[in-house]
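Here are my notes on the model, set out as numbered points. They begin with one residue and then move to the sheets and the helices packed on them.

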Amino acid sequence: MKNIAIGGFFHESNTFNPIITSQEDFLVYCGAEIYDNSEAYLQARGIIEFFKDKPDCRLLPLVFARAVPNGVVDKTLYLRLKEKFFQLLDEMPQPDIFVLALHGSMRVQELGSAETDLLAEIKFRYPSIPIISGLDMHATITDKMLQFTTAMVGYKTAPHLDALETGYHAAQMAYQIISEGHALCMGAVKIPCLIAGEKSETDYPPMRGLIAELHKLEEHDEICAASYLLGFPWADAEENGVTALVVTKGDQQLADSSARYLAQKFLAVRQNFGFSSPAFAPQDALRLALQETCKPVFVSDSGDNPTAGSTADNTTLISLLSGELAELARTRKILVAGIYDPVAVVAGKDRLNQVISLDVGGRFDTQYCRPLTLVGKPLKLVADFGLHKASLLLFRTDEFDLIITSKHIGFTGIQMFEALEIDYLYIDLIVVKLGYLTEDFKAIAAKSYLALSQGCTDEVLSRLAYSRAYDLV
Ligand SMILES: [Zn+2]
């Protein structure tokens with residue numbers, strides 16, 4: 001019987017966001033809890049599914065912790081989670097291998113890369129036990145991560161639809177080591193380049209072609225995995241950038257030459273990255289969208305995208321809709337989804353259907369916007385929405401309906417609209433704090449624009465203050 005220790009920390013930490021990601025932001029599953037909650041952690045589910053019909057393997061579940069992307073993670077919290085991880089491990093039989101479901105760009109106050117820290121500690125305690133990891137496509141690969149792990153594989157889709165498959169793939173590589181006796185090895189080439197998130201959608205060139213190269217390499221009998229880990233553009237972090245990474249069944253030369261091949265392919269298309277939706281300054285994107293006759297038209301407030309770790313409380317777009325574009329806005333049905341403001345939710349929730357003056361936004365993002373005072377009516381409150389149990393307050397002004405959330409969550413699907421009983425198909429303009437649209441939104445969008453707003457996830461990377469030199473795409 002082989003003992004497979006499994007666990008994972010998953011967070012994308014945006015260093016431009018002043019919020020410290022804390023306990024209340026995390027979903028944490030310890031030990032066997034992951035089996036009943038794996039829909040909240042699909043990479044973990046992939047690992048579990050792979051091993052469920054392997055009678056020669058026994059899983060040792062440790063800690064799985066994940067949070068919506070946000071600012072860097074509270075150090076005390078991280079150390080507590082790590083302590084729990086090793087405490088559970090101490091209570092279990094000696095593992096034969098570790099299979100981890102990581103993000104790769106989680107950062108902790110004062111410590112930096114969480115993955116590097118975690119892997120270093122595992123390696124210190126279990127120097128001869130191999131570690132395999134699945135990663136998000138936006139993982140930041142440090143030299144130490146390469147040193148401490150035997151094999152890594154990243155997502156191949158953006159938007160990310162293959163978390164489960166990536167977990168499964170990582171588990172498969174672990175099995176190749178423990179049951180089939182292969183001594184896997186990795187080759188990696190780093191490229192000091194950062195790509196704005198919305199320029200790397202995998203349904204569009206050049207990423208589509210680059211991903212096809214990965215699949216082609218993985219058809220090779222001796223190659224176990226090929227990945228482009230893109231780094232995370234909204235972190236001013238050491239060793240950030242793109243990594244081309246290849247895992248083979250022990251052929252180091254093949255791993256190295258294949259990684260070099262992938263790096264060359266990447267550099268050959270370096271000039272071709274662009275936005276997949278029409279992208280404009282915020283006022284132009286909104287004006288164009290408001291003039292469309294089809295519906296619903298989406299505008300992404302891309303500079304304040306919580307799924308890439310922004311504050312989600314930037315007021316730039318609602319300031320435009322209630323200011324210079326107000327006259328035009330009043331002729332359309334507009335939904336803004338949404339804004340993160342726990343104080344505004346508390347202030348509005350007991351005054352349903354009363355006309356009130358409400359200060360919203362700008363509490364966390366104090367650099368790119370100001371709080372905005374809106375006059376309108378709180379229409380509806382929904383409690384305990386989604387995995388993070390957020391309260392949603394629907395607030396109506398003369399220009400738009402606004403969803404205000406009590407928790408820092410993503411605006412990624414129609415469930416939020418359904419929870420608030422919004423007839424979203426009859427809305428002319430839906431403003432979302434997002435980058436490229438999710439599958440849910442793509443399915444209903446008549447058209448979409450990217451508003452190049454300024455914030456913690458500014459798509460115009462040259463406007464951000466990096467302390468290191470990168471080739472910015
Ligand atoms: Zn990602």
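1. Apart from its neighbours within four places in sequence, Pro130 has contacts with Ile97, Thr150 and Ile177. Pro130 sits in the loop that links α4 (114-125) to β7. This is a predicted model, and the remarks here should be read as such.

2. Is Pro130 buried or exposed? The residue falls in between: it is partly exposed, because 19 other C-beta atoms lie within 10 Å, whereas a buried residue has 20 or more. Ala183 is 53 residues from Pro130 along the chain, and the C-alpha atoms of the two are separated by 9.7 Å.

3. The strand that follows this loop, β7 (residues 131-135), belongs to an open sheet of 6 strands. The order in that sheet is β2-β3-β1-β4-β7-β8, and the pairing is mixed. At the edges are β2 (26-30) and β8 (151-154); each has a single partner strand, so one side of each lacks a neighbour in the sheet. From one strand to the next, the twist averages 15°.

4. Within this sheet, β1 (residues 2-10) deserves a separate comment. Of its 9 residues, 7 are buried, so the strand is largely enclosed by the rest of the structure. On one pairing, 8 bridges connect β1 with β3 (residues 57-67), and the two run parallel; Phe9 has Ala65 as its bridge partner in β3. On another, 4 bridges connect β1 with β4 (residues 97-101), again parallel, and Ala5 is opposite Phe98 of β4.

5. The pairing continues from β4 to β7, which are joined in the parallel sense over 4 bridges. Here Leu100 is placed opposite Ser133 of β7. Two helices should be noted in connection with this sheet. Helix α3 (residues 75-90) packs on it and touches β1, β2 and β3; the direction of α3 makes about 170° with that of β3. Helix α6 (residues 163-178) also packs on the sheet, touching β1, β4, β7 and β8, and its direction makes about 165° with that of β7.

6. There is also an open sheet of 3 strands, in the order β9-β12-β11 and with antiparallel pairing. Its edge strands are β9 (185-191) and β11 (223-229), each of which pairs on one side only. Neighbouring strands of this sheet are turned against each other by 10° on average, with direction ignored.

7. Between β11 and β12 (residues 242-248) there are 6 bridges, and the two strands run antiparallel. Leu229 is opposite Thr243 of β12. Helix α8 (residues 252-268) packs on this sheet and touches β9, β11 and β12; the direction of α8 makes about 25° with that of β9.

8. How do α7 and α8 pack, and at what angle? Helix α7 (residues 207-218) meets α8 at an angle of about 160°, and their axes are 10 Å apart. The two helices are therefore roughly antiparallel to each other, and the crossing of α7 past α8 is right-handed.

9. The residues at this helix contact can be listed. From α7 come Leu210, Glu213 and Leu217, which meet Ser258, Leu262, Lys265 and Phe266 of α8. Sorted by class, the contact of α7 with α8 contains 4 nonpolar, 1 polar and 2 charged residues.

Terms used:
Residues numbered from 1 in each chain as written. Predicted model: local features only at pLDDT ≥ 70, side-chain atom pairs only at ≥ 80, totals over all residues. Buried ≥ 20, exposed ≤ 12 C-beta atoms within 10 Å, placed from the backbone. Pairing = 2+ DSSP bridges. Axes fitted to C-alpha atoms, helices over the stretch in contact; angles between N-to-C directions. Contact = placed C-beta atoms within 7 Å. Parallel < 35°, antiparallel > 145°, perpendicular 65-115°, else oblique. Left-handed = near helix turned anticlockwise from the far one by under 90°. Nonpolar A, V, L, I, M, F, W, Y, C, P; charged D, E, K, R; others polar.
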